[in-house]
Structure formats: C-alpha cells, structure tokens
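Reader: I've just opened this one and I'm a bit lost in all the helices. Could you pick out the helical parts for a close look and walk me through how they sit in the fold?

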Amino acid sequence: MGDAASAVDMREKPLREECGVFGVFGAADAARLTYLGLYALQHRGQESSGMVVGNGNSWKRHVGMGWVDQVYDHTVLDGLPGNIAIGHNRYSTSGSSTLPNAQPILFGEGPATLALCHNGTLLNVAELAPGLPAGTSDTRALGQALAAIPSGADWIARVAATLGGVRGAYSMLLVHGRALYAARDPYGFRPLALGRRDSGWVVASESCAFDLVGARFEREVDPGELIIIDDGGWRSERIGHAIPAPCVFEWIYFSRPDSTVFGRSVGEMRIQLGRQLAREAPAAGDCVVSVPDSGNFAALGFAQESGIPLAHGLIRNHYVGRTFIEPLQATRDFNARVKYNVYPPQVRDRRVVLVDDSLVRGTTFHALAHTLRAAGAREVHARIAAPPLRHGCFFGVDIPDRTALIAAGRSEAQIAEAVGVDSVRYLSLEGVMAATRPATRMCHGCFSGRYPVAVGDAPVDSESALVHDTAIG
C-alpha cells in the first residue's frame, strides 16, 4: 500500500487530453479559420499542431512542435492558400512525440494527394500496414492503407470498407481530391461535430470551436458514419454497424464545458455529477472550493445540492506551464504552489470541501491540502466527481501506469492519508450513470476495467450490463 510520503513521491503527470481535429470546406480563409479552430481545441493536445490547406489540385502542409500560437504566425498562414483545410493538435498516444509524427500526415502530390489526421488509438496497426517500423504512429499506418486505394468510382466505398476493418477509436478528417471526409468509428468513442459557416462547412472534435469561427452547430457525426463534403454539399455513408459506446470521461474531464458532446451540454453534465456527488458523499463543511478550472462545474453542482456556500478559495495562475515535466519532487511541489494560490479570507477557520473532477496521482492534491491548511483551513475534505481511476485506456487517452494511480490498491482512507486530507470520497460509477442518464451505453473501462472491445485479458462489458447502469437513480 505504501505510506503517505511514498504515495505522493512520484512524477506528476495529469491525464493527457488525446487530440483535437478541425476541418474547413468552402471558406476562402480556410487556414486562418483552422488556426482559430485549433486554438479553441488547444486543451485536447499541446505537443504539436499542424494543418494541410489546399484547393483540391495543390496542397501545402505546415506542422510544428508546441502550442498553436507557437506553431503559426501571419507569415505561415499567408503561405497556406486554399479553401479546404484540416488541422490537428496532438498528444501522442501511439508513436513518439516527434515532428515526423505530427499531424496531418500527407501522402502523394497534386490532385492525388491524401492527407489525414485523427483523434483516438487504433488497435490493429500491423494489419492495416504490415512492415512499418516500430514507433510508427497509428495515423501513418492508417494513411498508408488508405493511400494504397486506387482512384476510381468505388474509391469512397473502399475507404468505408477499410475504415470498417479498423479496430479501436478514431474521429478522423481526410482530404482527397476536392472533398473533405469526416469519419467516426462504430463505437463513437471520441466526439466529432459538423457545423455550417456561411456557404461552407466546418468539422471539429468539439462544438466550442464553432463559436470562435462563427459557425453554427448542425449535428454530430454518428458512430460508424463517413460524411463526404464537396461542392454539392454533404452526404453520408455507413462504415459499419453502429454499436455506440462513447467515452464517459469526455463528459467528466476532457471536453470543454461550453461544448455539446454526445448530444449533451458538457457543463450541465458536470453540474449534475456534482449534485450526485453531494447526495452520495456528503461532507460536513463550511464552504465548497473547486480545484480550478477542472472542478468548477462539479463544485457548483455540489454546492447547489448540499446548500454549502461556494467559495473562491483557490486562484489559478493560467500563465504557468505544466508541472509534470519536472524531474524533482521538490520542484514539482513548488510548481503546484505557483499554479494555485489560496485566497485566505475564504478558507480561514473553515472546513473546506475541495471538489475536483478526478484524482490521478495525488501530487497536486497533496500540495493544495498543505496550502489550504497553511492558510488557516481547519479541515480539508476531498470530493471527486468521478469513480476511482484504476485502469488503463486503449482508445485515445494516455493514463499513467496503473502502479502510479493513487487509487490503485488503496482504500479511500489510505488515499486521504496519502494526499493529506481529512477524508476522500469518490462518485460511484452507478452515480455517474444516474447523473448523466446517457441515451446509449458508455465506455467506462478506466473506472471499471470492463471495455466494449476485447483488449488483452480485460473482460468485455456486455450491452445489457451497461444499459442497466443507465437505469439507476
């Protein structure tokens, strides 16, 4: 089990936000719109960014390591003409974090060009493109398979058939000829939305990107659907039999609260999760404090349901870099204190209920508890608006090794001791389903260890078991 010191003496590494994709068809300023769309999706990937822009006959690609505003400037965007574009913010879940693996990936030249980018993780890379060297990204493997399809009247049908043979998660954008293609795997693990802007079209991982480019949300790309957008508008093809099991963690953690994901407002989902948490895990507190910004909406729901006042007890410095890259524990603890500061009048001599959306390794929570107590808090009670994170993800989320997850093999009392709080309570999986009441089954393997797709020795969750979850409450 380990003692408190060893439990938090580990490299701080929050969950990585997968990837974000954005596409434009029929807009003269496609490169600039794609820049804005990727800027809105920065939370989904910070390692690299890239875009491919063209008109169907010629294409240009620009990629770079770092955040969106580090990769592009006016000179770069001026050099990317065309009214069709796809763009990508990357965090690597397959393939190393290097410039050659930055997306979109481009194959061929001129009208024969094919470029693609995707959010997710593919499980059968070796079947898609045999012989590729180790470390090759799954996107490149899929691109190799698609680029090998000869042009012809049945090209779209063959693309759909190839995608139907892919195992794993993908929300994908593709350009070929004078058309933009958007595809989502039959399980619909990751979100993908279609929007309208003037006479053109946009596609994005999340609808929040539409607001920044002045587009109107039309609908989500369905699980198992391939949408083709060209000068005649858009049409749809089936990839395979839809068996929806979208990732419940998109509602809990990954997506922006101002997005509509899987047909629901993310912010409203988090408020409901906070309300359910207050019902399941009440706390004797004088104020509710969120861990900003991730815990803001869950803390609001907890305060509304419990009647305990919401206090702005923590201030986040948004101009501090990520803390998990630091090699020394003392430096990481210092960075956590730089990232969050306490507003003492809100917590002094009070019992604080500290609410967040997840608890991964515990380093940040440990530092926050210490800081709150130093500012005069009498008690600190942690409430987490998600179940304990104890298992890995195979569908586009980089979750730390199970041995580094603070909930793995520990009780709530042991976790509380490890992070230095008076108590820790989590929302149950049944509570998540009761709060969100999803219209379909959901993937919750990182919490339950049961997945909708066979992965290694992990048990496959049946549809009936997941439907039962939705009926609780």
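Author: Sure! Let's begin where one helix stops: right after α14 comes G420, and its phi is positive, near 80°. Keep in mind as we go that this is a predicted model.

Now step back into α14 itself, which covers residues 412-419. Its buried residues are I415, A416, A418 and V419. Look down the helix axis and you'll find them within an arc of 165°, so they line one face of α14. Swing round to the other side and you meet A413 and E417, which are exposed. There's a handy bit of background here: an α-helix has 3.6 residues a turn, so residues three or four places apart point the same way.

Helix α7, residues 155-164, gives you another go at the same idea. Here the buried residues are W155, I156, V159, A160 and L163. They cover an arc of only 140° around the axis, which puts them on the same side of α7. The face turned away from that buried side carries A157 and A161, both exposed. So what does the buried side of α7 pack against? There are two helix-and-strand neighbours that come before it in the chain, β6 (114-119) and α6 (138-147), and then the strands β7 (171-176), β8 (180-184), β12 (225-230) and β13 (233-238).

While α6 is in view, have a look at R140, which is found in that helix. R140 is partly exposed, with a relative accessible area of 25%. Leaving aside residues up to four places away in sequence, R140 touches P100, N101, I105 and F107. R140 and A102 are 38 residues apart in sequence, and their C-alpha atoms are 9.9 Å apart in space.

Next, try α10, because it gives you two helix pairs to compare by eye. Two packed helices are described by the angle between their axes and the distance between the axes. With α11, the axes come within 6 Å and cross at roughly 45°, so α10 and α11 are oblique to each other. The crossing is right-handed. Residues of α10 that meet α11 include G267, R270, I271 and G274, and on the α11 side you'll find, among them, F297, A298, L300 and G301.

With α15, the axes of α10 and its partner come within 9 Å and cross at roughly 130°. That makes α10 and α15 oblique too, and α10 passes α15 in a right-handed crossing. At this meeting, M269, Q272, L273, Q276 and E280 come from α10, while G431, V432, A434, A435 and T436 come from α15.

These helices turn up again in the nonpolar core. The largest one has 40 residues, and those with the most contacts inside it are F249, W251, I252, V288, V355, L389 and F447. The elements that each supply at least two residues of this core are α9 (249-254), α10 (266-280), α11 (296-306), β19 (351-356), α15 (429-436) and α16 (445-448). For a feel of the inside, click on V355: not counting residues up to four places away in sequence, it touches L277, V288, V289, S290, V291, G295, A298, A299, F302 and R383. There's also a second, separate core of 29 residues, which includes V342, L359, A369 and Y426. As a general rule, nonpolar side chains tend to be buried together in soluble globular proteins.

Terms used: Residues numbered from 1 in each chain as written. Predicted model: local features only at pLDDT ≥ 70, side-chain atom pairs only at ≥ 80, totals over all residues. Heavy atoms only, no water. Core = buried A, V, L, I, M, F, W, Y, C linked by side-chain atoms within 4.5 Å. Buried < 20%, exposed > 50% of the residue type's maximum accessible area, 1.4 Å probe, protein only. Helix = DSSP H or I, 4+ residues; strand = E, 2+ residues; numbered from the N terminus. Contact = heavy atoms within 4.5 Å. Arc of directions from axis to C-beta. Axes fitted to C-alpha atoms, helices over the stretch in contact; angles between N-to-C directions. Parallel < 35°, antiparallel > 145°, perpendicular 65-115°, else oblique. Left-handed = near helix turned anticlockwise from the far one by under 90°.
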